[in-house]
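Here's a short set of exercises to work through with the model open in your viewer. Try each task yourself before you read the solution.

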Amino acid sequence: MIHFEQELTDLKEKLLTMASKATNAVDRAIKSLVDRDDDLARAVQHEDDELDQLEIEIDDIAIGLLSKAPLASDLRFITAAMKISHDLERVGDEATKIARRSIELSQEPQLKPYVDIPRMTRMGAEMMADALNAFVSRNPAKARAVIPRDKEVDLLNKQLHRELASYMVERPATISRCLSLMVISKSLERIADHATNVAEEVVYLYEAKDIRHTGKGEAPASGTGSGST
């Protein structure tokens, strides 16, 4: 039993390591965009393999633990860890996508000051941090509070897409840059979706309630975008 508990601890630690690497990759990808730093963007792309490997390692540990889990709560923890690691791997994929578009955008003049993209990045990072803190502190109420915040990121994404679509109509020479920024904005919206998924898994883990697709959670103070990328 002591060995089993140690393996559960190892699984949690590996998952948190993966979370740190995934969120750091997003931050660095956006920094490469804002700073027009191609070397940093390439580093983000190259390091994606680490996240892929961590997902494989977490799955291997989890599968080994499934046959030993004596309690329903342990089974939920193990399956939740596998699902969370999948979401974190997808966050890494989105960071790689952002880095790739960052390199493309650095070859042309900057379209306009970046305002909403960094804001969306911060919002998604805060959502993921809160979801993971809820996981570690066994706080499903905190996880529930993450879920409604996804709508704010969705609104910013839609607002930015509308703005960029207008740019493309009015200034056809900006089309390639606008499309790249749309891809980046969509990636940030998906990262917030993954944070929401993690929060839902935390609720399932500690309350044994599946709230996916229900939108159940505490509504935070809402905000709207500033109208700039």
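**Exercise 1.** Work out whether Ala143 is buried or exposed, and find how far its C-alpha atom is from that of Ala131.

*Solution.* Bear in mind that this is a predicted model.
- Step 1: find the residue. Ala143 sits in helix 6.
- Step 2: check its accessibility. The relative accessible area of Ala143 is 0%, and buried means under 20%, so Ala143 is buried.
- Step 3: look for Ala131. Ala143 and Ala131 are twelve residues apart along the chain, with 5.2 Å between their C-alpha atoms.

**Exercise 2.** Stay in the same part of the chain and place Ala141: which helix holds it, and how far apart are Ala141 and Val203 in sequence and in space?

*Solution.*
- Step 1: Ala141 belongs to helix 6, which covers residues 140–146.
- Step 2: its relative accessibility is 36%, so Ala141 counts as partly exposed.
- Step 3: along the sequence, Ala141 and Val203 are 62 residues apart, yet their C-alpha atoms are 7.7 Å apart in space.

**Exercise 3.** Find the salt bridge between Glu207 and Arg144 and say which helices the pair links.

*Solution.*
- Step 1: the idea behind it is that side chains of opposite charge can pair when their charged atoms come close.
- Step 2: take the N to O distance. For Glu207 and Arg144 that distance is 2.7 Å, and the cut-off is 4 Å, so the pair is a salt bridge.
- Step 3: place the partners. Glu207 is in helix 8 and Arg144 in helix 6, 63 residues apart, so the pair links distant parts of the chain.
- Step 4: compare the surroundings. Glu207 is partly exposed at 28% relative accessibility, while Arg144 is buried at 17%.
- Step 5: for the full tally, the model has 14 salt bridges.

**Exercise 4.** Now take two salt bridges within single helices, Lys31 with Asp35 and Arg42 with Asp39. What is the spacing in sequence for Lys31 and Asp35, and for Arg42 and Asp39?

*Solution.*
- Step 1: recall that an α-helix has 3.6 residues a turn, so residues three or four places apart point the same way.
- Step 2: Lys31 and Asp35 are four residues apart in helix 1, so about one helical turn separates them. Their closest N and O atoms are 2.7 Å apart.
- Step 3: both ends of that bridge are partly exposed, Lys31 at 46% and Asp35 at 41%.
- Step 4: Arg42 and Asp39 are three residues apart in helix 2, again about one turn. Here the N to O distance is 3.4 Å.
- Step 5: Arg42 is partly exposed at 35%, whereas Asp39 is exposed at 58%.

**Exercise 5.** Zoom in on helix 2. Which of its residues are buried, and what does a side-chain oxygen of Asp37 reach at its start?

*Solution.*
- Step 1: the buried residues in helix 2 include Asp38, Leu40, Ala41, Ala43 and Val44.
- Step 2: at the start of helix 2, the Asp37 side-chain oxygen comes to within 3.2 Å of the backbone nitrogen of Asp39.

**Exercise 6.** Arg36 and Arg138 deserve a backbone check. What is phi of Arg36, and what is phi of Arg138?

*Solution.*
- Step 1: phi of Arg36 is near 55°, a positive value in a residue other than glycine. Phi of Arg138 is also near 55° and positive.
- Step 2: Arg36 lies in the loop between helix 1 (2–35) and helix 2 (38–46). Arg138 lies in the loop between helix 5 (116–137) and helix 6.
- Step 3: Arg36 is partly exposed at 32%, but Arg138 is exposed at 57%.

**Exercise 7.** Classify how helix 4 runs against helix 8, then say which helix gives the most to the largest nonpolar core.

*Solution.*
- Step 1: the axes of helix 4 (residues 72–105) and helix 8 (residues 175–207) come within 9 Å and cross at roughly 170°.
- Step 2: angles over 145 degrees count as roughly antiparallel, so helix 4 is roughly antiparallel to helix 8.
- Step 3: their contact has 14 nonpolar, six polar and eleven charged residues.
- Step 4: the largest nonpolar core has 65 residues, and those with the most contacts inside it are Leu88, Ile117, Ile184 and Leu188.
- Step 5: helix 8 gives the most to this core, with 13 residues.

Conventions. Residues are numbered from 1 along each chain as its sequence is written. This is a predicted model: local features need pLDDT of at least 70, side-chain atom pairs count only at pLDDT 80 or more; totals for chains, interfaces and linings use all residues. Side-chain values use heavy atoms; hydrogens and water are left out. Axes are lines fitted to C-alpha atoms, for helices over the stretch in contact, and angles run from 0 to 180 degrees between N-to-C directions. Helices (H or I, at least four residues) and strands (E, at least two) are DSSP runs, numbered from the N terminus. Angles under 35 degrees count as roughly parallel, over 145 as roughly antiparallel, 65 to 115 as roughly perpendicular and the rest as oblique. Ala, Val, Leu, Ile, Met, Phe, Trp, Tyr, Cys and Pro count as nonpolar, Asp, Glu, Lys and Arg as charged, and the others, Gly among them, as polar. Buried means under 20% relative accessible area, exposed over 50%, partly exposed in between (1.4 Å probe, protein chains only). A salt bridge is a side-chain nitrogen of Lys or Arg within 4 Å of a carboxyl oxygen of Asp or Glu. A polar contact is a pair of N or O atoms within 3.5 Å; within protein, one must be able to donate a hydrogen and the other to accept it, and residues adjacent in sequence count only if both atoms are side-chain atoms. A nonpolar core is a set of buried Ala, Val, Leu, Ile, Met, Phe, Trp, Tyr and Cys residues joined through side-chain atoms within 4.5 Å.
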